[in-house]
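Here is a short briefing on one protein chain. Please keep the sequence and the model side by side while reading.

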Amino acid sequence: MPVYNKLVRDRIPEIIEKSGKKFTVETLDHDRYVLEMKKKLTEELKEYHETANNDEALEELADMLELIYSLAEVHGGTIEELEQIRKQKAEKRGGFKKKLFLIEVED
């Protein structure tokens, strides 16, 4: 029997149950939940790095976005607040659309 020991999406137990398989899950406390979400975000980032095409990349980005939304809530924020912070930073410091790569800054 495969052992996963990782955070999964909320409906995964339901999907496994419908397949007729047995499984074990636990509900995490707050601190462990945050830790496991951070691990999951790292896992999804690794999977994004390994994508071979745009469709796969978008799938992994969607997974990361779901985790980011959940982490925002854990940290007392909302998706809207997160977007507002993103916009403020983009206005103040810019985005990443110009593809700029800083080589060095002279002291």
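Which residues does Lys 40 touch, not counting residues up to four places away in sequence? They are Lys 6, Leu 7 and Leu 67. The model is a predicted one. The points below start with the helix that holds Lys 40, then turn to α4 and to two residues with a positive phi, Asn 5 and Lys 99.

**Helix α2: span and start**
- Helix α2 runs over residues 30-49, 20 residues in total.
- From first C-alpha to last, α2 reaches 29 Å, close to the 28 Å expected at 1.5 Å a residue.
- Asp 29 caps the N-terminal end of α2. One of its side-chain oxygens lies 3.3 Å from the backbone nitrogen of Asp 31.

**Helix α2: two sides**
- Val 34, Glu 36, Met 37, Lys 40 and Glu 44 are the buried residues of α2.
- These residues cover an arc of only 165° around the axis, so they sit on the same side of α2.
- The spacing fits a general rule: an α-helix has 3.6 residues a turn, so residues three or four places apart point the same way.
- The cover over the buried residues of α2 includes α3 (54-74).
- Asp 31, Thr 42, Lys 46 and His 49 are exposed on the other side of α2.

**Two charged residues on the buried side**
- Glu 36 lies in α2. Its relative accessible area is 7%, so Glu 36 is buried.
- Glu 36 is in contact with Leu 7 and Leu 28, leaving aside neighbours within four places in sequence.
- Lys 40 also belongs to α2. It counts as buried because its relative accessibility is 14%, under the 20% cut-off.
- Leu 7 is among the residues that Lys 40 touches, and Glu 36 is in contact with Leu 7 as well.
- Lys 40 and Val 105 are 65 residues apart along the chain, and 35 Å separates their C-alpha atoms.

**Helix α4 and its end**
- Helix α4 covers residues 79-93, which makes 15 residues.
- Its C-alpha span is 21 Å, close to the 21 Å expected at 1.5 Å a residue.
- Gly 94, just after α4, takes a positive phi of about 90°.

**Positive phi outside glycine**
- Most residues other than glycine have a negative phi.
- Asn 5 is not a glycine, yet has a positive phi of about 45°. It lies in the segment before α1 (12-18) and is exposed, at 70% relative accessible area.
- Lys 99 is not a glycine either, and its phi is positive at about 60°. Lys 99 sits in the segment after α4 and is exposed, with a relative accessible area of 74%.

Methods
Residues numbered from 1 in each chain as written. Predicted model: local features only at pLDDT ≥ 70, side-chain atom pairs only at ≥ 80, totals over all residues. Heavy atoms only, no water. Helix = DSSP H or I, 4+ residues; strand = E, 2+ residues; numbered from the N terminus. Expected span 1.5 Å × (residues − 1). Buried < 20%, exposed > 50% of the residue type's maximum accessible area, 1.4 Å probe, protein only. Arc of directions from axis to C-beta. Contact = heavy atoms within 4.5 Å. Polar contact = N/O pair within 3.5 Å; in protein donor to acceptor, adjacent residues only side chain to side chain.
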